Amino acid sequence: MNSTTSYLRYTRFVLIMVLLVIVAGAVVRMTQSGMGCPDWPTCFGRWIPPVNASQLPPDFEKYLRKQDIDHTFNVYHTWIEYMNRLLGALLGVFIFIHTIWSFRKFRNNNRSVFYISLLMLLAVGFQGWLGKKVVDANLATLKVTAHMIVALVIVVLPVLIISKIKASKVIAGRSLKALTVTTLVLVLVQIILGTRVREQIDEIASGLNYGQRNLWIGKLGQDFLIHRSFAAIVAAACVFLFIRSRSIPILARHSRVILFFMLCSFAAGLAMFFMNIPAVAQPLHLLSGVLLAISLFSYRLKMK
Ligand code: HEM
């Protein structure tokens, strides 16, 4: 295996790790474990959190006062949040290695690859800092959205690096390129709208003590109606892109992947609507939305 192949493999690995961290964050939310560790970067003042109440520090009540859910020690919430943080920290280490590798490999040729990797490192550092702010503000909603936007930036950077190294591109007309960019913008708008809906769900859920899920959808406001209707426009754009890609085999294959992720996010959205937001549909909805954005981005990068 030559060094470029290993580098590409490692970059793909970093991409998968980023997705894993996004899913872990969603699982934290799904299980309402966000405040499982009320302080940061330690958890109940310790680097390895307690496994039972007898290991809590003497001043543990000062930590519990910060919580919006448990107000008592919940080992399950604490460890889910702790695993999420560990994964985030590991990701930071992996990206750091990636940046050093990129510097050594590309400092003389293709320097932009190194800069993209460096940007990824800075973005992940910023995300860690934002994570602390989210904890300090007891999951203040706007910061949760900012967290999501930075996550999207981090996730597209390895895709960009892979495309810069793999030079194989296909010639596509201007109208197909314009359609792709439009669809990508629509998906990004839909993701931001979705994050607003999610913020409202967080508020509603907290107001109902995370119970009575059958009431959550009914309490959503106009943002949800816009998000739901906008999904039809996103779906139409993806189907149109699929039809337009049929004559270019490589793009045709890729457009099927786009269609698949669109259908997954749509289906998870409908499941939440009709089935009182089953917890498992929340990470699936988020993950398929992010994968839809990534697949559209890499589809555009395939065009010359
Ligand atoms: C292709 C279409 C769609 C995309 C790309 C999309 C994307 C998203 C994203 C990224 C979020 C934020 C999730 C989070 O931060 O955890 C979200 C939230 C949400 N979306 Fe969608 N969505 C789509 C279609 C729909 C549809 C059709 C519905 C329902 C009819 C729906 C209902 C919701 C609800 C209820 C939330 C809040 C979920 C939560 O609190 O976990 N979405 N959406």
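Cys 37 and Cys 43 are joined by a disulfide, with their sulfur atoms 2.1 Å apart. A disulfide is counted here when a pair of cysteine sulfur atoms lies within 2.5 Å, and by this rule there is one disulfide. In chemical terms, a disulfide is a covalent bond between the sulfur atoms of two cysteines. The torsion about the S-S bond of Cys 37 and Cys 43 is about -85 degrees, so this disulfide is left-handed.

Before going further, a word on the model itself: it is predicted, so local features need pLDDT of at least 70 and side-chain atom pairs count only at pLDDT 80 or more, while totals for chains, interfaces and linings use all residues. Residues are numbered from 1 along each chain as its sequence is written, and side-chain values use heavy atoms, with hydrogens and water left out.

Are the two bonded cysteines buried or exposed? Buried means under 20% relative accessible area, exposed means over 50%, and partly exposed is in between, using a 1.4 Å probe and protein chains only. Cys 37 is buried, at a relative accessible area of 0%, and Cys 43 is buried too, at 1%.

Now look at Cys 238. The closest cysteine sulfur to that of Cys 238 belongs to Cys 264 and is 12 Å away, which is too far for a bond. Cys 264, in turn, is in no disulfide. Cys 238 is buried at 1% relative accessibility, whereas Cys 264 is partly exposed at 28%.

Next comes the metal site. Which residues coordinate the iron atom of the ligand? They are His 227 and His 285, each through its NE2 atom, at 2.0 Å. Donors are N, O and S atoms within 2.8 Å of the metal (3.2 Å for Na, K and Ca), and water is not among the atoms, so sites may look incomplete. Six donor atoms surround the iron atom of the ligand, and the angles they subtend run from 84 to 179 degrees, so the arrangement is octahedral. For six donors, octahedral means that opposite donors are over 155 degrees apart and all others between 65 and 115.

The two histidines also tell you something about the fold. His 227 lies in helix 7 (residues 222-244) and His 285 in helix 9 (residues 281-301), so the pair ties together parts that are 58 residues apart in sequence. Helices are DSSP runs of H or I with at least four residues, strands are runs of E with at least two, and both are numbered from the N terminus. His 227 is buried, with a relative accessible area of 12%.

Let us turn to charged side chains. Side chains of opposite charge can pair when their charged atoms come close. A salt bridge is counted when a side-chain nitrogen of Lys or Arg is within 4 Å of a carboxyl oxygen of Asp or Glu, and the structure holds four of them. One of these joins Asp 202 to Arg 29, at 2.8 Å from N to O. This pair links distant parts of the chain, since Asp 202 is in helix 6 (residues 174-207) and Arg 29 in helix 1 (residues 3-30), 173 residues apart. Asp 202 is partly exposed at 22%, while Arg 29 is buried at 19%.

Asp 202 has another partner: Arg 198 forms a salt bridge with Asp 202, the closest N and O atoms being 3.3 Å apart. Both Arg 198 and Asp 202 lie in helix 6, four residues apart, about one turn of the helix. Through shared partners, salt bridges join Arg 29, Arg 198 and Asp 202 into one network.

Helix 6 also takes part in a salt bridge between Asp 223 and Arg 196, at 3.3 Å from N to O. Here Asp 223 in helix 7 is linked to Arg 196 in helix 6, and the two are 27 residues apart. Asp 223 is buried at 16%, and Arg 196 is partly exposed at 41%.

Finally, two loops deserve a visit. Most residues other than glycine have a negative phi. Asn 110, in the loop between helix 3 and helix 4 (111-136), has a positive phi near 55 degrees. Asn 276, in the loop between helix 8 (249-274) and helix 9, has a positive phi of about 55 degrees. Asn 110 is partly exposed at 36%, and Asn 276 is partly exposed at 36%.

Notes. Tetrahedral: all angles 85-135°; square planar, octahedral: opposite > 155°, others 65-115°.
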